[in-house]
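Hi everyone, thanks for coming. Let me walk you through a structure that is probably new to most of you. Here it is on the screen.

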Amino acid sequence: MARSVPLPPSLWVATARPAPATPPLDISRQADVAIVGAGYSGLAAALQLAEAGVSVIVLETGVPGWGASGRNGGQVIPGLKPDPDEVVAMFGAETGERLVRVAGDAPDTVFALIERHGIDCDARRCGWIQPAFTAADIGLTARRAEQWQRRGAPVAVLDRDTVCQLVGSPVYHGGWIDRRAGSVQPLSYSRGLARAAQTAGALVCGGSRVTALARDGGRWKVTTGHGPTVSAERVLLATNGYTDALWPRLRQTVIAANSFQVATERLPDSVRRTVLPEGHVASDTRKLLLYYRCDHHHRLIMGGRGPFREPASPRDYRHLEMVIGLLFPQLKGTRCEFYWAGRVALTRDHVPHVHQPAPGLTVFLGYNGRGVAMATTLGILVAKNLIAPANNPLPFPITAIRPIPLHSLHRIYATSILQMYRFRDYLAN
Ligand SMILES: Cc1cc2nc3c(=O)[nH]c(=O)nc-3n(C[C@H](O)[C@H](O)[C@H](O)COP(=O)(O)OP(=O)(O)OC[C@H]3O[C@@H](n4cnc5c(N)ncnc54)[C@H](O)[C@@H]3O)c2cc1C
């Protein structure tokens, strides 16, 4: 008998709206499309397909939102990791500018979905601030703002006093704001997407790990660990940082790095009014960036990198607890009540990848920690491309699966880079 792997404890698990019922796949079935993974990528694709009348079955090891989609910071940020001009330099003017547009509009896509389906997930759209950690970073934030301004985006450079006041911290040197951004309760958003996909007709199965994919008489046979199979014309693989050995060499195309978060106890009103008082979300420019926001219950949530391995003890979160007091002196002595981590998928070129390694199989992954808006958007665009390819070209070129050289050594390499970055940030402090 299959059972869903439960979500590990987190602030989001403690405060999310109830989960829809997603029992394991009961018997072998047929569908037009089978989707592996019930995060934003898989669920947004399922919703789009089901609304177009395509029969869809989503298969998930845990429950909807079990991966990064139920654990992230809930910051709905436009854009890709590389800046707009870099994207154009990477992909050429036409594809690059289209990609910049798609990624810039990605928060619109998320907030429109939330509204259309009445998803109850504490959605707010107050903007994202990127504060400059060092004086040298002021130029970087100004260049970013200028690149988006040139493209008509509602962004602005902020001076030191404004950043300090809007963030509630004295440590920054300036920064910029992107007003397209906002926040959600990420697990409630995942559950809302799952519910919307079900309402549109998709079958969403938790506790259904896919263990084999094979061609079978012109269709795909998708086998689950507990026995039942799905026979489907097309398969979408949407497994991001939780990609396993299901498709050869795919896991080696990304570095699955843990990102760690802590959430404080509820802040008294007088203190809460001094921390991100206008509801912005933020991530700063340091090498090992810190990302933070408040939730609807007046807690501060602080996130950042930690060890590459899974968290083993409260010590793995101590750097985040310490940084809260350094950034926000008014919070010194505030206790943290929640600790959790999840995996982001990093690619070598810092942009998502789309692969079609066999007929009828599409893989999309690699959001580099910027997936709330982008995974939702790419899920929708992959689904639209599947329904009517001529009218809906994919925003990213389809590339071959290329493992990162010496992938197995990357943990060691990345751990030493992390330590070097931490030291550099410490010196810049
Ligand atoms: C701690 C943390 C903080 C983050 N903060 C932010 C943020 O504030 N803003 C932002 O934009 N992005 C953020 N991100 C990134 C963002 O969460 C992800 O990019 C996004 O959720 C990816 O969605 P996804 O659906 O592609 O993958 P996931 O949500 O990871 O889903 C993949 C799913 O595939 C399932 N799966 C894997 N293999 C199988 C299999 N063989 N069979 C069945 N199921 C399988 C997994 O169980 C998992 O549920 C953060 C990520 C983390 C981890």
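Let's begin at Trp340: setting aside neighbours within four places in sequence, its contacts are Pro8, Pro9, Ser10, Arg71 and Gln261. You'll find Trp340 in strand S16. I should say right away that this is a predicted model. Is Trp340 buried or exposed? Trp340 has 21 other C-beta atoms within 10 Å, and a residue counts as buried from 20 upwards, so Trp340 is buried. Look at Phe260 as well: it sits 80 residues away from Trp340 along the chain, yet their C-alpha atoms are separated by 6.0 Å.

Now let's step back to the sheet that S16 belongs to. It is an open sheet of 8 strands with mixed pairing, and the order reads S5-S6-S4-S13-S14-S15-S12-S16. What stands at the edges? Those places go to S5, residues 155-158, and S16; each has a single partner strand, so one side of each has no neighbour in the sheet. On average, neighbouring strands here are turned by 20° against each other, ignoring direction.

At the S5 end, S5 pairs with S6, residues 175-178, in the antiparallel sense over 4 bridges. One detail to click on is Val157, whose bridge partner in S6 is Trp176.

Two helices are worth pointing out on this sheet. Helix H7, residues 160-168, lies across S4, S5, S6 and S13, and runs at about 125° to S4. Helix H10, residues 318-327, lies across S12, S15 and S16, and runs at about 125° to S15.

On to the core. In soluble globular proteins, nonpolar side chains tend to be buried together. Here the largest nonpolar core has 121 residues, and Ala34, Ala46, Val56 and Val58 have the most contacts inside it. Helix H11 gives the most to this core, with 10 residues. Take Ala46 as an example: beyond its neighbours within four places in sequence, it is in contact with Ile35, Val56, Val58, Ala197, Ala202 and Val204.

Last stop, the ligand. How many residues surround it? There are 44, and the closest are Gly37, Gly39, Gly67, Gly73 and Gly371. By type, the shell divides into 21 polar, 17 nonpolar and 6 charged residues. Helix H2, strand S12, strand S16 and helix H11 each supply at least two of the shell's residues. H11 gives the most here, with 4 residues.

That's my tour, so over to you for questions!

Notes: Residues are numbered from 1 along each chain as its sequence is written. This is a predicted model: local features need pLDDT of at least 70, side-chain atom pairs count only at pLDDT 80 or more; totals for chains, interfaces and linings use all residues. A residue is near a molecule or strand if its C-beta atom, placed from the backbone, lies within 6 Å of it. Ala, Val, Leu, Ile, Met, Phe, Trp, Tyr, Cys and Pro count as nonpolar, Asp, Glu, Lys and Arg as charged, and the others, Gly among them, as polar. A nonpolar core is a set of buried Ala, Val, Leu, Ile, Met, Phe, Trp, Tyr and Cys residues joined through C-beta atoms within 7 Å. A residue is buried if 20 or more other C-beta atoms lie within 10 Å of its own, exposed if 12 or fewer, and partly exposed in between; C-beta atoms are placed from the backbone. Two residues are in contact if their C-beta atoms, placed from the backbone, lie within 7 Å. Two strands pair if DSSP finds at least two bridges between them. Axes are lines fitted to C-alpha atoms, for helices over the stretch in contact, and angles run from 0 to 180 degrees between N-to-C directions.
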